[in-house]
Amino acid sequence: MAEYATSIEIAAPPEVVFEYLTTEAGMTAWMGQYASLDARPGGAFAVDIAGYPVRGEYLSVEPPAKVVVSWGFAGSPVLPAGASTVEFRLTAIGAGTRVDLTHSGLPETELAGHRDGWLHFVPRLALAAAGADPGIDHWLP
């Protein structure tokens, strides 16, 4: 199994960034066209991203420092719903937040696509959480 990790600094406090990982309005501001989220351990994590139904559950929710979700695609034999794990760690840095993202448990064949996805979406998270408009997502189907 493979792992992808990245980090970004966001001009917003952890409490604000946290909302973009745990609420439907926050999530769809930067990633996905639909979200149904129940941000508590065992709660549903469902986001439709560019036509892909990502499904899993919240594994850990520690406001405002950490969010961990299981991640996979409904109906996929390669990466089924909940088969991998995405962890967001939020650390206050001055008036902002450093977000460290780790996506683990990925099949090798899925690593490049998920790397590309996170490289596309993490900067959109930074813009949205800082109060800017990330613009229309050109990955929309």
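The lining of the largest pocket divides into ten nonpolar residues, three polar ones and one charged one. This is a predicted model, and in it the pocket holds about 290 Å³ of space. Of the 14 residues that line the pocket, Y52, F73, G113, H114 and W139 are the closest to its centre. Which element gives the most to this lining? Helix 3 does, with six residues. Strand 4 and helix 3 each supply at least two residues of the lining.

Two of the residues closest to the pocket centre, Y52 and F73, are a good place to turn to the aromatic side chains. The structure holds six aromatic pairs. Y52 and F73 form one of them, a tilted pair with 5.7 Å from centre to centre and 55° between the planes. Why does this pair tie together parts that are 21 residues apart in sequence? Y52 lies in strand 4, residues 52-62, whereas F73 sits in the loop between strand 5 (66-71) and strand 6 (84-93), so the contact of their rings bridges that separation. F73 is buried, at a relative accessible area of 16%, because the cut-off for that label is under 20%.

A second tilted pair joins W71 and W118, with 5.3 Å between the centres and 45° between the planes. Here W71 belongs to strand 5 and W118 to helix 3 (residues 108-129), so the pair ties together parts that are 47 residues apart in sequence. Both W71 and W118 are buried. These two tryptophans also belong to a wider group: ring pairs link F45, Y58, W71, F88 and W118 into a cluster.

Now step back to the whole fold. The protein chain has three helices and seven strands, and reading along the sequence you will meet them in the pattern β-α-α-β-β-β-β-β-β-α. The radius of gyration is 14 Å, close to the 14 Å that the globule rule gives for 141 residues, so the chain is as compact as a globular protein of that length. Taken along the principal axes, the C-alpha atoms fill a box of roughly 45 × 30 × 25 Å.

How much of the chain is buried? Buried residues make up 44% of the 141 residues. As for contacts between residues at least 6 apart in sequence, 43% of them join residues at least 24 apart. The pair of W71 and W118, which ties together parts 47 residues apart, is a handy one to find in the viewer.

Definitions and conventions:
Residues are numbered from 1 along each chain as its sequence is written. This is a predicted model: local features need pLDDT of at least 70, side-chain atom pairs count only at pLDDT 80 or more; totals for chains, interfaces and linings use all residues. Side-chain values use heavy atoms; hydrogens and water are left out. Rings of Phe, Tyr and Trp (its six-membered ring) pair if their centres lie within 6.5 Å; planes under 30 degrees apart count as stacked, over 60 as edge-to-face and the rest as tilted. Helices (H or I, at least four residues) and strands (E, at least two) are DSSP runs, numbered from the N terminus. Buried means under 20% relative accessible area, exposed over 50%, partly exposed in between (1.4 Å probe, protein chains only). On a 1 Å grid over the protein atoms alone, a cavity is a set of points where a 1.4 Å probe fits but cannot get out, and a pocket is an open set with protein on both sides within 12 Å along at least five of seven lines; lining residues have an atom within 4 Å of a point. Grid points are joined across faces, edges and corners, and a volume is the space filled by probe spheres set on the points. Ala, Val, Leu, Ile, Met, Phe, Trp, Tyr, Cys and Pro count as nonpolar, Asp, Glu, Lys and Arg as charged, and the others, Gly among them, as polar. The radius of gyration is taken over C-alpha atoms; the globule rule is 2.2 Å times the number of residues to the power 0.38. Contact means heavy atoms within 4.5 Å.
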